[in-house]
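Subject: Structure for you to look at

Dear colleague,

Here is the structure I promised to hand over, with the sequence beside it. Please look it over first, and then read on for my notes on what turned up in it.

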Amino acid sequence: MLNKPDFIDEEQNYLLNSLLTLTQKNPAIWECVEYNPLSFLSSEEDDGTISACIVQMFVFQSELNQVEFELELSEHIDITTGKGDIYITLEKQSPDSYDKIDTGLSFETEYEDCPAEQIQSQFGNHVAAQMAEALVPTALQSDAASSALQWAIFNVEGDTPLKFKESSLYKLGEALFDSRRFLEFHRCVLDCSYREKLMAEFN
């Protein structure tokens with residue numbers, strides 16, 4: 001894949017950070033239009049290994065200065081490593097242009113070697129983490145979140161390996177889902193100390 005020219009990266013970073021500043025001042029500029037509640041997901045990697053995580057996902061829409069924006073945001077905890085991650089995809093569509101930007105904590109080169117306990121201190125100021133901090137609490141109070149709970153299931157996979165179902169993170173995710181404590185999941189994606197407190201509460 002060809003690298004993007006530096007000026008495009010700078011332009012995209014400027015857009016992301018400008019939207020973050022506006023969002024921190026007024027989260028209501030975004031409407032939560034879709035929520036996929038906390039759930040267990042697994043997938044097979046190219047080398048045949050199975051990766052698994054607990055995740056919740058949101059879709060937001062906004063119109064600013066006659067430009068339409070859609071923001072997808074997802075929060076993950078990897079069950080094997082315990083590492084939290086946050087992704088955002090921003091789509092911008094105006095009469096004369098279209099742009100799509102993907103970023104996340106794990107997009108950074110330092111993420112791979114960073115222990116789970118240090119993710120918050122090292123990446124807490126990342127634009128994806130800050131956007132989640134600004135948007136997720138109010139999104140969980142939205143009509144989209146309320147309606148999603150009518151059909152939500154924590155684990156729809158019928159053949160989940162036992163090693164995942166017996167893990168402490170799987171059990172935590174299931175307990176938070178059953179008690180509808182999705183904001184607590186948001187808090188413990190990066191905050192491992194808070195995560196430990198929740199695990200102790202449910203044990």
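The largest pocket holds about 380 Å³ of space, in what I should say at once is a predicted model. Its lining is made by 19 residues, of which D78, D85, Y87, S106 and Y111 are the closest to the centre of the pocket. The elements that contribute two or more residues to this lining are β1, β2, β3 and β4, the last of these spanning residues 84-94. Sorted by class, the lining of the largest pocket consists of six nonpolar, seven polar and six charged residues.

Strand β2 is also where A52 is placed, and A52 counts as buried because its relative accessible area is 4%, under the 20% cut-off. Leaving aside residues up to four places away in sequence, A52 touches F40, L41, S42, I77, D78, I79, T80 and F164; one of these, D78, is also among the residues closest to the centre of the largest pocket. The contact with F164 joins parts of the chain that are 112 residues apart, and the C-alpha atoms of A52 and F164 are separated by 7.6 Å.

Between β2 (50-64) and β3 (67-78) there is a loop, and N65 sits in it. The phi of N65 is positive, about 50 degrees, although N65 is not a glycine. With a relative accessible area of 76%, N65 is exposed.

A second residue with a positive phi is R180, where the angle is about 60 degrees and the residue is again not a glycine. R180 belongs to the loop between α6 (168-178) and α7 (182-188), and with a relative accessible area of 37% R180 is partly exposed.

Helix α6, which R180 follows, has a set of buried residues, namely L169, Y170, L172, G173, A175, L176 and F177. When you look at how these are spaced, it may help to recall that an α-helix has 3.6 residues a turn, so residues three or four places apart point the same way. The cover over the buried residues of α6 includes the strands β1 (31-44), β2 and β3, together with the helices α5 (162-165), α7 and α8 (192-202).

Helix α7, which is part of that cover, contains H186. Is H186 buried or exposed? Its relative accessibility is 7%, so H186 counts as buried. The side chain of H186 makes a polar contact with the side chain of E133, at 3.3 Å. Beyond residues up to four places away in sequence, H186 touches E133 and also Q56, E75, A132, V136 and P137.

You may also wonder how many disulfides the structure holds. The number is zero, and for C188 the reason is distance, because the closest cysteine sulfur, in C192, is 8.5 Å from the sulfur of C188 and therefore too far for a bond. C192 likewise is in no disulfide, with the sulfur of C188 as its nearest cysteine sulfur, 8.5 Å away. Both cysteines are buried, C188 with a relative accessible area of 0% and C192 with one of 13%.

Two further helices are worth a visit. In helix α3, which covers residues 127-139, you will find A139, a residue that counts as buried at 2% relative accessibility. Not counting residues up to four places away in sequence, A139 touches C32, F58, F60 and A145. A139 and A200, by contrast, are 61 residues apart in sequence and 27 Å apart in space, taken from C-alpha to C-alpha.

In helix α1, made of residues 6-25, lies L22, which counts as partly exposed at 44% relative accessibility. Once residues up to four places away in sequence are set aside, L22 touches I29 and L64.

With best wishes

Conventions. Residues numbered from 1 in each chain as written. Predicted model: local features only at pLDDT ≥ 70, side-chain atom pairs only at ≥ 80, totals over all residues. Heavy atoms only, no water. Helix = DSSP H or I, 4+ residues; strand = E, 2+ residues; numbered from the N terminus. Buried < 20%, exposed > 50% of the residue type's maximum accessible area, 1.4 Å probe, protein only. Polar contact = N/O pair within 3.5 Å; in protein donor to acceptor, adjacent residues only side chain to side chain. Contact = heavy atoms within 4.5 Å. 1 Å grid on protein atoms, 1.4 Å probe; cavity = no way out; pocket = protein on both sides within 12 Å on 5 of 7 lines; lining within 4 Å. Points joined across faces, edges and corners; volume = space filled by probe spheres on them. Nonpolar A, V, L, I, M, F, W, Y, C, P; charged D, E, K, R; others polar. Disulfide = S-S within 2.5 Å.
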